[in-house]
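Reader: I would like a close look at a single part of this model, with the terms defined as you go. Here is the structure I have in mind.

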Amino acid sequence: MVKSVALGLYITISCVAFIMSKIIVSFLLYKRWARKHRIMEDTLSGGKMVMFRSPTTRSLTSKAFMKKTMRLSNKDIIGSGGYGTVYRLIIDDNSAFAVKKLNKGNTDRDHGFERELNAMGDIKHRNIVTLHGYYIAPQFNLLIYELMPNGSLDVLLHGKSGKDKPLDWPSRCKIALGAARGLSYLHHDCIPHIIHRDIKSSNILLDQNMEARVSDFGLATLMEPDKSHVTTIAAGTFGYLAPEYFDSGRATTKGDVYSFGVVLLELLTGKRPTDETFIEEGTKLVTWVKEVVKDKREEHAIDSSLVCFPMEEVKKVFNIAEKCLESDPSKRPTMAAVLKMLEQINQTNL
């Protein structure tokens, strides 16, 4: 009887100790979270703003932010897509943000908001666009990002500004390296690993130093290190998606590698994967370039706006792109390997 009571007392004390340890750990984690985040309630719309503590957000107040946000109009739009509209938000001379607005009521947009928060919450990397915070309200959600003054690679390559002032070869090399570095970080250094699922030129943004930043994690999928893929509904942008993704619905890091290969072709040729000339000829950018490389006619595929470039380096980048675009995903290199190859091409340019 005494032994039973002692055993029961021991179990009770052990359980209490275990629960207390969990409470202490939770409290410490909360204190750590609280140090990093700053919650600002907005009673006017019944929303809640959470800002990640940083020098950029230190002086930001909920009132000033919401006042400016509510005045955003079409003239402030700097981008849009299936998962939201992005606005330029100028608070003052020292504070400017890119604000992605996602209206509620659409399941895809709600899930996209959750995916971006899950993927971006703790990421701090020189080649990943910085998420400064978010805002949740009854009618819409906001994601508050660092503003990229030089816009997207897509606009620089294919827009009016690109025609007026085309990117030179060293700039293209720098952008390719930065985007590869960002993707390699997502695939190999983040736990769980992050599969972007929508790598394309419009999702590669450029900061004031023309450093590439991977952006838009509305389709991002988290993958545990012991897994090889995540089964999803095929999604992304036509022309950039790996062929096996359509067949299997399996999102893998090698799918991102394929998409990055398409971006390399854009940097080399100045053509979109959905260029009208390819559609008219019944082909596509990837197929066309593979034929050009096979015939060793790479100089005929180079962007006509590039007036000066080292042909040997160009051929090496074509070769890297070709490896990324292998039809068999197992033959494609990892992003870490792609990054290493780009670093080795020309240290002066990169």
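Which residues in helix 8 meet which residues in helix 11?

Author: This is a predicted model, in which local features need pLDDT of at least 70 and side-chain atom pairs count only at pLDDT 80 or more, while totals for chains, interfaces and linings use all residues. Residues are numbered from 1 along each chain as its sequence is written, and side-chain values use heavy atoms, with hydrogens and water left out.

On the side of helix 8, the residues are Val-257, Tyr-258, Phe-260, Gly-261, Leu-264, Leu-265 and Leu-268, and they meet Val-314, Val-317, Phe-318, Ile-320, Ala-321 and Cys-324 in helix 11, where contact means heavy atoms within 4.5 Å. Helices here are DSSP runs of H or I with at least four residues, strands are runs of E with at least two, and both are numbered from the N terminus. The residues of this contact divide into twelve nonpolar, one polar and no charged; Ala, Val, Leu, Ile, Met, Phe, Trp, Tyr, Cys and Pro count as nonpolar, Asp, Glu, Lys and Arg as charged, and the others, Gly among them, as polar.

As for the geometry, helix 8 covers residues 253-269 and helix 11 residues 311-324, and the two pack at an angle of about 150° with their axes 8 Å apart. Axes are lines fitted to C-alpha atoms, for helices over the stretch in contact, and angles run from 0 to 180 degrees between N-to-C directions. Helix 8 and helix 11 are therefore roughly antiparallel to each other, given that angles over 145 degrees count as roughly antiparallel, those under 35 as roughly parallel, 65 to 115 as roughly perpendicular and the rest as oblique. Their crossing is left-handed, a term that applies if the near helix is turned anticlockwise from the far one by less than a right angle, with right-handed used if clockwise.

Helix 8 also packs against helix 10, and there the axes come within 11 Å and cross at roughly 65°. That makes helix 8 roughly perpendicular to helix 10, and this crossing, too, is left-handed. In this second contact Tyr-258, Val-262, Leu-265 and Thr-269 of helix 8 meet Leu-285, Val-286, Trp-288 and Val-289 of helix 10, a set that divides into seven nonpolar, one polar and no charged residues. Tyr-258 and Leu-265 are named in the contact with helix 11 and again in the contact with helix 10.

Val-262 is a helix 8 residue that deserves separate mention. Val-262 is buried, with a relative accessible area of 0%; buried means under 20% relative accessible area, exposed over 50% and partly exposed in between, with a 1.4 Å probe and protein chains only. Leaving aside neighbours within four places in sequence, Val-262 is in contact with Gly-239, Tyr-240, Pro-273, Val-286 and Leu-325. Val-262 and Cys-324 are 62 residues apart in sequence, yet their C-alpha atoms are 8.3 Å apart in space.

The loop between helix 10 (285-294) and helix 11 contains Lys-296, which has a positive phi of about 55° although it is not a glycine. Most residues other than glycine have a negative phi. With a relative accessibility of 65%, Lys-296 counts as exposed, whereas Val-262 in helix 8 is buried.
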